[in-house]
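Thanks for coming, everyone. I'll walk you through one structure today, so please have it open in front of you.

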Amino acid sequence: MTGPVLGQGQLIGTINFARVGHGPAFNQFDLSRFGAVCTHFSTRLAELRKHSVADSNPYWQSLTPRERQIANLVAQGLTNPEIGAALWISRNTVKQALKRMFRKLEVSSRMEMVLKLRDGLDK
């Protein structure tokens, strides 16, 4: 059986969560754990797709894996609080990371950063 090519935006599989029997609905703790699992899988799949593209961008290589995650979310237009929520970190942590990234990349804005990294970011 042949499947879709990775990195082409096509569904390649699913992960399912289910309750057993007539138990209570998922509580807030369960939902937060599911969110963490989904974030983990999403990050790992993105890293697999990007590996060859990122290798060709020296600016992308200068970033840590967490900074790469932040850069991808900035490119999607997320705000610092939204990035923090997506990565389970504080908005201040996002702000500090962006400051470090701007220094590393010698840029002064989010747009400038995205343009410099565009070959390594999720499409």
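**Helices and how they cross**

Let's start with a crossing: H3 and H6 cross in a left-handed way. Ala-71, Val-74 and Ala-75 make the contact from H3, and Arg-110, Met-113, Val-114 and Leu-117 make it from H6. The axes of these two helices come within 10 Å, and they cross at roughly 110 degrees. That angle makes H3 roughly perpendicular to H6.

Before going further, a caution. This is a predicted model.

Now the overall layout. How many helices and strands are there? The protein has six helices and zero strands. Along the sequence, the pattern reads α-α-α-α-α-α. The protein has 123 residues, and 26% of them count as buried. About 8,700 Å² is exposed, with carbon and sulfur atoms supplying 57% of that. Take the contacts between residues at least 6 apart in sequence: 50% of them join residues at least 24 apart.

Back to H3, with another partner. The axes of H3 and H4 also come within 10 Å, and here they cross at roughly 130 degrees. At that angle, H3 is oblique to H4. This crossing is right-handed. On the H3 side, the contact residues are Arg-66, Gln-69, Ile-70, Leu-73 and Val-74. On the H4 side, they are Ile-83, Ala-86 and Leu-87.

Which residues of H3 are buried? They are Glu-67, Gln-69, Ile-70, Ala-71, Asn-72, Leu-73 and Val-74. One of them, Val-74, is in the contact with H6, and Val-74 is also in the contact with H4. After H3 comes Gly-77, with a positive phi near 90 degrees.

**The core**

Next, the largest nonpolar core. It holds 19 residues. Which of them touch the most other members? Those are Ile-70, Ile-83, Leu-98 and Met-113. At least two core residues come from each of these helices: H3 (65-75), H4 (80-87), H5 (91-105) and H6 (110-117). H5 gives the largest share, six residues.

Let me zoom in on Leu-98. Leave out residues up to four places away in sequence. Leu-98 then touches Ile-70, Val-74, Asn-80, Arg-110 and Met-113. Two of those names, Ile-70 and Met-113, are also on the list of core residues that touch the most other members.

Asn-80 deserves a stop of its own. It sits in helix H4. Is Asn-80 buried or exposed? Its relative accessibility is 17%, so Asn-80 counts as buried. The cut-off for buried is under 20%. Leaving aside neighbours within four places, Asn-80 is in contact with Arg-91, Val-94, Lys-95, Leu-98 and Arg-110. Note Arg-110 there: Leu-98 touches Arg-110 as well.

**Two pairs across the sequence**

Now for two pairs of residues. Pro-81 lies in helix H4. Pro-81 and Arg-91 are ten residues apart in sequence, yet their C-alpha atoms are 4.9 Å apart in space. Pro-81 counts as partly exposed because its relative accessibility is 38%.

The second pair starts from helix H6, where Leu-115 lies. Leu-115 and Ala-75 are 40 residues apart in sequence, and 9.0 Å apart from C-alpha to C-alpha. Ala-75 is one of the H3 residues in the contact with H6. Leu-115 has 47% relative accessibility, so it counts as partly exposed.

**Two loops with a twist in the backbone angles**

Last stop: the loops. Most residues other than glycine have a negative phi. Keep that in mind here.

Trp-88 is in the loop between H4 and H5. What is its phi? For Trp-88 phi is near 60 degrees, a positive value in a residue other than glycine. Trp-88 is also exposed, with a relative accessible area of 54%.

Glu-106 is in the loop between H5 and H6. Its phi is positive too, about 55 degrees, although Glu-106 is not a glycine. How accessible is Glu-106? At 67% relative accessibility, it counts as exposed.

**To recap**

Six helices, zero strands. H3 is roughly perpendicular to H6, and H3 is oblique to H4. The largest nonpolar core takes at least two residues from each of H3, H4, H5 and H6. Trp-88 and Glu-106 carry positive phi values. Remember, all of this comes from a predicted model. Over to you for questions.

Notes:
Residues are numbered from 1 along each chain as its sequence is written. This is a predicted model: local features need pLDDT of at least 70, side-chain atom pairs count only at pLDDT 80 or more; totals for chains, interfaces and linings use all residues. Side-chain values use heavy atoms; hydrogens and water are left out. A nonpolar core is a set of buried Ala, Val, Leu, Ile, Met, Phe, Trp, Tyr and Cys residues joined through side-chain atoms within 4.5 Å. Buried means under 20% relative accessible area, exposed over 50%, partly exposed in between (1.4 Å probe, protein chains only). Helices (H or I, at least four residues) and strands (E, at least two) are DSSP runs, numbered from the N terminus. Contact means heavy atoms within 4.5 Å. Accessible areas come from the Shrake-Rupley method with a 1.4 Å probe; for residues, only the protein chains shown count as cover. Axes are lines fitted to C-alpha atoms, for helices over the stretch in contact, and angles run from 0 to 180 degrees between N-to-C directions. Angles under 35 degrees count as roughly parallel, over 145 as roughly antiparallel, 65 to 115 as roughly perpendicular and the rest as oblique. A crossing is left-handed if the near helix is turned anticlockwise from the far one by less than a right angle, and right-handed if clockwise.
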